[in-house]
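Colleague: Before we discuss this model, could you take me through the reasoning behind the terms you use for it?

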2 protein chains.
Amino acid sequence: MAPGVAAPVKPLTMADVLAASQPSDWRPLDPENTLYLELATGRVVIELKPAFAPHHTANIKALVREGYFDGLAVLRVQDNYVVQWGDPDADDKDKQRPVKKAQRTLTAEFTIALTQDLPFTRLPDADGYAPEVGFSDGFPAARDPKTGRAWLAHCYGMVGVGRDNDPDSGGGTELYAVIGNAPRHLDRNITLVGRVVQGIELLSALPRGTGALGFYEKPQQRVPIQSVRLAADVSARTNLEVLRTDTSTFTALVASRRNRQDNWYKVPAGYVELCNVPLVVRPATRR
Amino acid sequence: MAPGVAAPVKPLTMADVLAASQPSDWRPLDPENTLYLELATGRVVIELKPAFAPHHTANIKALVREGYFDGLAVLRVQDNYVVQWGDPDADDKDKQRPVKKAQRTLTAEFTIALTQDLPFTRLPDADGYAPEVGFSDGFPAARDPKTGRAWLAHCYGMVGVGRDNDPDSGGGTELYAVIGNAPRHLDRNITLVGRVVQGIELLSALPRGTGALGFYEKPQQRVPIQSVRLAADVSARTNLEVLRTDTSTFTALVASRRNRQDNWYKVPAGYVELCNVPLVVRPATRR
């Protein structure tokens, strides 16, 4: 090769990118912001994201620590949309699960102020639902410099707080996870608090409810929740690490998904939609 | 109201739009282009779309009519991606299900020539994966006036033809349905032939495979296919009708989804992504 001529950059597949990743490309889950939703079929691991919903995430942790969810159930599985869990008797004041020190409802946290120090790895492509989209510490997010607001995006596996028509009617006693095509029209309309990082298939493969909005019609169809615990309070932890989204490795991963280099692909898309960027999780390695 | 002042147009919800629809807004399924995939749990109804893949759809009908799929199985369920069915012994020349008069492989039909007479109701919004997107006779589709090509889009429930790395290695003996966030990067890389119009939950709620790419690792995990039949050959039909996509009713439906008018929504999106437009199906009414 002639001096001064750069070697051609070999296009990489995602497998190439991950194989070349360094330990510093990964971050462990914070046990203080990780929930274990325990079903008879196994454990669903949820990472909370307090930066986008400080009051709701704190309240969910308070609910978890007072055992609020233990013995409640998955109530709703709507195909191509959401799985929702909470109290079957929420609407019955005499039978509903009591809330102790936590709050039942909170002021909505649909968006947050966009500050200089909000981590944000912007995607190179345009998005239909927001002026700018990308990733904030491993979570799909959007921001609008004009309004000065930022928010999490409703991608597959994201977890949010159910509410009624009143924006301030949710608080965390009813939670949902996205199990279908990204319902991005929910963005800025409901408080997102985190995402499922392992075990989504324990929710997404549940039988669909046949009632309105996918609610189970018969009590016996509901899927019991054994418990929800904060990882910090559990000795038998699921130790995972998540690919950081503020590294050159992640930038290379996005490039590998915009134009697939795998032999199978014949026409590169030249684009990747926010929710089609994989947020990779693996068992934690010893450091 | 003063003369000459138009009455304000009341913003409609999707429920309003559908309630006001006329019989002419709906079309029946064509029994010659409708498949019934029969599982122990029920019937999956698939509408074929010959205009976008004439040879593959004809070949699938030929395979169905020679009983090719009867007794085969769902082999792969990959979370947030696809369900795939076909012959567990496809790679074993001694044991594989024989193909009689149909073809095992065909030349790829990833795109078709964009002609004047291709029905196309264009969406008002931009799309990341294609210059123009919309609906062709009830199917999500894309077109590129520059290249003069059109193609079906990988939305939830779309059905395509599995292939190996060779573009011409598929023919319809192995089919898949999308059960996750729209994998639009597959567009123009694989032949789409139709979509599931009823019963997708019989596929999307199946246990996920734990092998590579979501393949079931043990033969007993596979989900047996009782039969696949063309509706034209079946007396006990599932009579459905599908909302047409070339009417003012459909235009109003798209508008109702771009900016939700339901009381629950607080911030209208001002956008609807192609695969978030509902393609509505209902039991056929007597005419």
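Colleague: What do the buried residues of H2(A) pack against?

Modeller: This is a predicted model, in which local features need pLDDT of at least 70, side-chain atom pairs count only at pLDDT 80 or more, and totals for chains, interfaces and linings use all residues. Residues are numbered from 1 along each chain as its sequence is written, while chains are lettered from A and ligands numbered from 1 in the order in which they are written. Contact requires C-beta atoms, placed from the backbone, within 7 Å, and the buried residues of H2(A) pack against strands E2 (34-39), E3 (42-48), E11 (158-161), E13 (192-198) and E15 (227-230) of chain A.

Colleague: Which residues of H2(A) are called buried?

Modeller: Buried means that 20 or more other C-beta atoms lie within 10 Å of the residue's own, these atoms being placed from the backbone; His56(A), Thr57(A), Asn59(A), Ile60(A), Lys61(A), Leu63(A) and Val64(A) are buried.

Colleague: Why is H2 of chain A called a helix?

Modeller: A helix is a DSSP run of H or I with at least four residues, and a strand is a run of E with at least two, numbered from the N terminus; H2(A), at residues 54-65, has twelve residues. Its C-alpha span from first to last is 17 Å, close to the 16 Å expected at 1.5 Å a residue, the expected span being 1.5 Å times one less than the number of residues.

Colleague: What makes E1 and E17 of chain A edge strands?

Modeller: Pairing needs at least two DSSP bridges, and E1(A) pairs with E16(A) (residues 240-243) over three, in the antiparallel sense. The open sheet runs in the order E1-E16-E17; E1 (26-28) and E17 (281-283) each have a single partner strand, so one side of each is left without a neighbour in the sheet.

Technical notes
Buried ≥ 20, exposed ≤ 12 C-beta atoms within 10 Å, placed from the backbone. Contact = placed C-beta atoms within 7 Å.
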